[in-house]
Amino acid sequence: MIDDEVLPFDLATDLLTEDEQQTAGRLLARMNTDLPFLRIRELYYDGEQRMNHLGIAVPRELEKLRTAAGWPGVVVDTIDERLEVAGFRVGSAASTDDDLWDIWTANRMDFESGLAHLDALMFGRAFIMVGTRDADTDDGSGTPLITVESPQNMAATYDAASRQVTAALQRYRFYGAESAALYLPEVTIQLIRPEGEDWQIRDRDEHGLGRCPVVMLANRSRSSDRYGKSEITPELMSWTDAACRTLLRMEIGAEFFSSPQRYIIGASEEAFQDPDGDPVDAWQTYIGRVLALERDGEGNVPAVGTFAASDPTPHTNQLLALTRLVSSRTGIPQNALGFSADNPASAEGILAADATLNRRARRRQRAFGPEHREVMQLALMIENNGKVPADLNKIEVLWTPPETPTPTETSTAIASQISTGSIPATSSVTLAALGWSPLQIEQLAADRTKADNAAALQAISATLQQQAAAQQQAAQPPDDDDDSDPSDPDSI
């Protein structure tokens, strides 16, 4: 997240060509326009948004109290938890590609890819950048550098025809100095502005890839808006604000219920003064003197009573109505939003709700899969001087299944399909359906091959032993002590 001290951001310099300057200007305008919208969604995700009060039920002195409803975080995390890249497969190969997975894990993308998914769901888009390693990160392996970048400090232009980013601008801090990077199809330009100085070009990399080395993951994109939409929609923010105000009214009501207001009728002024005749504060009067009031001159005892506390039921009913709205819009069950329904959900209802969330997760997998494939193609281009090996043009992204069925249910269903001959028992597809990861499937295949080879060796050994025994028996001479005549019936 860019600190406020770097705003406004100005990239005016004569070090760039006219086309480069115009591209940077458009991207900078987009970045500065989008930044407030991105920041407010981050605040809602973290539960730190500023709540607007209506100025009716909440006294001005209590408006500083804060309440939070974490629904935006729940909505985003519910889908994010179902998105996990499990590996890459090339063409019709039965197993995952080790070389691609090595590049992926060398950049810690087995974890970092989750940051891209989270940003895309929260902000509507996320960026993944592919490049070469500098001196600080080069480990000597020549592995391309893959990093996840926040849309709060990066903007891009996207071409719907090619389905690729055509240009991107990033702003960041480099050793404390204000810096920027302009990514274009043929060149990447790194700029730096030390404090009190003009912009300088730190590096100009003529990579010649023919495509921008930046990939954009767009969430809920449309034909009219390729840059995506956040899962934290305006209606969700509105319902969250309403829930926060309701919780605040409940909090204030609970305070008054804990120390309810009382009234006193017929008490003298001395009842609210100390022995010196000075007035005492309200709390001392409440906990002390009000419990021991004297009769007045006519012998009447002052009347003391308590105002009835407000009933929290209207507030809880309003919260229930809000959770129903959020649940209907997001598909998340009410109990996951922190408010149980009147009747507990049935097993069928829970499975139906889970199926809705799984379908949404699979839709995100289909949307993000091609972008992850493009990331790996860019990495291969950097490794192979701008070309992708012919056998690696078809890369399939493998995902962990979003469903969470019980092992018994899954095993029973798979066993039934194996028994009917619909699927082979040892197929990688069958094992994946049973929940095994690609790496586990490869290990199982290796173990199965080892076991099959051992069994084949045992069978060959047994066959050789049988043949040796037969040959030995055939080579033995006939028994000379046997004088029987086979033609004589009595000798039989």
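Tutor: Let's start with the naming: helices (H or I, at least four residues) and strands (E, at least two) are DSSP runs, numbered from the N terminus. In this protein chain there are 11 helices and 12 strands. The model is predicted: local features need pLDDT of at least 70, side-chain atom pairs count only at pLDDT 80 or more, and totals for chains, interfaces and linings use all residues. Residues are numbered from 1 along each chain as its sequence is written, and side-chain values use heavy atoms, with hydrogens and water left out.

Student: Okay, so where is R108, going by those helix names?

Tutor: R108 is in the loop between α3 and α4 (109-123). Its phi is a bit of a surprise. Most residues other than glycine have a negative phi. R108, which is not a glycine, has a positive phi near 60°. R163 also has a positive phi, about 60°, without being a glycine. You'll find R163 in the loop between β4 (154-159) and β5 (164-174).

Student: Is R108 buried or exposed?

Tutor: Buried means under 20% relative accessible area, exposed over 50%, and partly exposed in between (1.4 Å probe, protein chains only). R108 comes out at 54%, so it counts as exposed. Across the protein chain, buried residues make up 37% of the 492 residues.

Student: And how do I read a nonpolar core? Which residues have the most contacts inside the largest one?

Tutor: Think of a core as buried Ala, Val, Leu, Ile, Met, Phe, Trp, Tyr and Cys residues joined through side-chain atoms within 4.5 Å. The largest here has 43 residues, and F88, I128, I146 and M376 have the most contacts inside it. Helix α8 (residues 347-383) gives the most to this core, with 8 residues. There is also a second, separate core of 17 residues, which includes M51, V75, L337 and L357.

Student: What does F88 touch?

Tutor: Contact means heavy atoms within 4.5 Å. Leaving out residues up to four places away in sequence, the partners of F88 include L100, W101, W104, H372, M376 and V397. You can look at contacts chain-wide too: among those in the protein chain between residues at least 6 apart in sequence, 65% join residues at least 24 apart.

Student: F88 and W101 both have rings. How many aromatic pairs are there?

Tutor: In general, a pair of aromatic rings is described by the distance of the centres and the angle of the planes. Rings of Phe, Tyr and Trp (its six-membered ring) pair if their centres lie within 6.5 Å; planes under 30 degrees apart are stacked, over 60 edge-to-face, and the rest tilted. The whole structure has 3 such pairs. For F88 and W101, the centres are 6.4 Å apart and the planes are at 50°, so that pair is tilted. F88 lies in strand β1 and W101 in helix α3 (residues 98-106), so the pair ties together parts 13 residues apart in sequence. Both F88 and W101 are buried. F174 and Y175, in turn, make an edge-to-face pair, with 4.6 Å between centres and 85° between planes. F174 is partly exposed at 23% relative accessible area, while Y175 is exposed at 69%. Ring pairs also link F88, W101 and W104 into a cluster.

Student: Which residue lies over the face of F174?

Tutor: That's R202, at 3.9 Å from the ring centre. A charge sits over a ring if NZ of Lys or CZ of Arg is within 6 Å of the ring centre and within 35 degrees of the ring normal. The charged end of R30 likewise sits over the ring of Y227, 4.2 Å from its centre.

Student: Last one: how many salt bridges are there?

Tutor: The general idea is that side chains of opposite charge can pair when their charged atoms come close. The rule is a side-chain nitrogen of Lys or Arg within 4 Å of a carboxyl oxygen of Asp or Glu. By that rule there are 10 salt bridges. One of them joins R82 and D354, with the closest N and O atoms 2.6 Å apart. It links distant parts of the chain: R82 is in the loop between α2 (71-80) and β1 (85-90), and D354 is in helix α8, 272 residues apart. R82 is buried, with a relative accessible area of 15%.

Student: Where does E235 fit in, and what is its partner?

Tutor: E235 forms a salt bridge with R329, at 2.3 Å between the closest N and O atoms. Here helix α5 (residues 234-258) holds E235 and helix α7 (residues 313-330) holds R329, 94 residues apart. E235 is partly exposed at 29%, and R329 is partly exposed at 36%. Salt bridges that share partners also join E20, R204 and E206 into one network.
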